[in-house]
Amino acid sequence: MNSILLRKSLRDLRKAMAQSLSLIVISLLGVTSFIALTGAYRDLGTSYTRAYDQLRFADMTIQVTGAPVSVIDQIDRIAGVQAATGRLVIEGGLSLPAKTAGEPPTLVRARLIGILRGQHPAVNDVLVEQGRYLSSSDRDGVLIESHFADIYDLKPGDRLAPLVNGKPLNLTATGIIA
């Protein structure tokens, strides 16, 4: 009885060889895609965790307007707080030179986020991709975010003059950060 079923199955398989091979190939592609996506997800999780630890990303951010610097020390002393860092954030305008001759300069909104010169912040550090980090002697140094630098073709050594409270600030790019 088993030999009859086996012969019938082989005969049916030969008659539908194209469909059978198609099903096998589709199944293999599905398994391969699943394995690849699982590996990518695992690698992404590892990369995220590594960057989170290396750059000490904040678990919580509080925006305060007009608070004295002493508030940072008070927050840092709260039980359970591992580190607190204050940053001055200023919204302003920035005029960038035209990419080609004859075009007017490009005007963009700029957000300046202050960090202390010569010392990495305890929370939300930055990764320098090009150039160098700010040193204590950089009175007019600035780090530029990499996407912004790519769009406007900026690199270390370029001069920028953002408008803060209606007055231009003359700054020099020391590095490009991620």
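A salt bridge is taken here as a side-chain nitrogen of Lys or Arg within 4 Å of a carboxyl oxygen of Asp or Glu. The legends below describe close-up views of a predicted model.

**View 1. Arginine 159 and aspartate 140 form a salt bridge.** The closest N and O atoms of this pair are 3.1 Å apart, within the 4 Å cut-off. Arginine 159 belongs to strand β5 (residues 159–160), whereas aspartate 140 sits in the loop between β3 (128–131) and β4 (141–145), so the contact ties together parts that are 19 residues apart in sequence. Aspartate 140 is partly exposed, its relative accessible area being 29%. Arginine 159 is also one of the residues that line the second largest pocket, which is shown in View 4.

**View 2. Arginine 111 pairs with glutamate 91 in a salt bridge between two strands.** A distance of 2.6 Å separates the closest N and O atoms of arginine 111 and glutamate 91. Strand β2 (residues 106–113) carries arginine 111 and strand β1 (residues 89–96) carries glutamate 91, so the salt bridge links parts that lie 20 residues apart in sequence. Arginine 111 counts as exposed, because its relative accessibility is 55% and the limit for that class is over 50%. Glutamate 91, at 40% relative accessibility, counts as partly exposed. Side chains of opposite charge can pair when their charged atoms come close.

**View 3. A salt bridge joins aspartate 138 to arginine 132.** The closest N and O atoms of aspartate 138 and arginine 132 are 2.7 Å apart. Aspartate 138 has a relative accessible area of 10% and is therefore buried, given that buried means under 20%. Arginine 132 is partly exposed, with a relative accessibility of 41%. Over the whole structure, the search finds 6 salt bridges.

**View 4. The second largest pocket encloses about 180 Å³ of space.** The lining is formed by Leu96, Pro97, Ala98, Lys99, Thr106, Tyr152, Asp153, Leu154, Asp158 and Arg159. By residue class, this lining comprises 5 nonpolar, 1 polar and 4 charged residues. Two of the charged side chains in the list, Asp153 and Arg159, also appear in other views: Arg159 takes part in the salt bridge with aspartate 140, and Asp153 has a positive phi.

**View 5. Aspartate 153 and asparagine 165 have positive phi angles.** Aspartate 153 has a phi of about 55° although it is not a glycine. The loop between α4 (146–151) and β5 holds aspartate 153, which is exposed at a relative accessible area of 59%. For asparagine 165, likewise not a glycine, phi is positive at about 55°. Asparagine 165 occupies the loop between β6 (162–164) and β7 (167–168), where asparagine 165 counts as exposed with 77% relative accessibility.

**View 6. Residues of helices α1 and α2 make a nonpolar surface patch.** The patch covers about 650 Å² and consists of Leu6, Leu10, Leu13, Met17, Leu21, Ile24 and Leu28. At least two of its residues come from each of α1 (2–15) and α2 (17–54). The greatest contribution is that of α2, with 4 residues. Leucine 13, a member of the patch, lies in helix α1. The relative accessible area of leucine 13 is 40%, so this residue is partly exposed; patch residues are required to have over 30% relative accessible area.

**View 7. Two pairs of residues give C-alpha distances across the model.** Arginine 77 and alanine 36 are separated by 41 residues in sequence and by 46 Å in space, C-alpha to C-alpha. Arginine 77 is placed in the loop between α3 (70–76) and β1 and counts as exposed at 64% relative accessibility. In the second pair, threonine 49 and serine 135 are 86 residues apart in sequence, and their C-alpha atoms are 28 Å apart in space. Threonine 49 belongs to helix α2 and, at 42% relative accessibility, counts as partly exposed.

Technical notes
Residues numbered from 1 in each chain as written. Predicted model: local features only at pLDDT ≥ 70, side-chain atom pairs only at ≥ 80, totals over all residues. Heavy atoms only, no water. 1 Å grid on protein atoms, 1.4 Å probe; cavity = no way out; pocket = protein on both sides within 12 Å on 5 of 7 lines; lining within 4 Å. Points joined across faces, edges and corners; volume = space filled by probe spheres on them. Nonpolar A, V, L, I, M, F, W, Y, C, P; charged D, E, K, R; others polar. Patch = residues over 30% accessible without salt bridge, like charges linked within 9 Å, V, L, I, M, F, W, Y side chains within 5 Å. Areas by Shrake-Rupley, 256 points an atom, 1.4 Å probe, with all protein chains shown as cover. Buried < 20%, exposed > 50% of the residue type's maximum accessible area, 1.4 Å probe, protein only.
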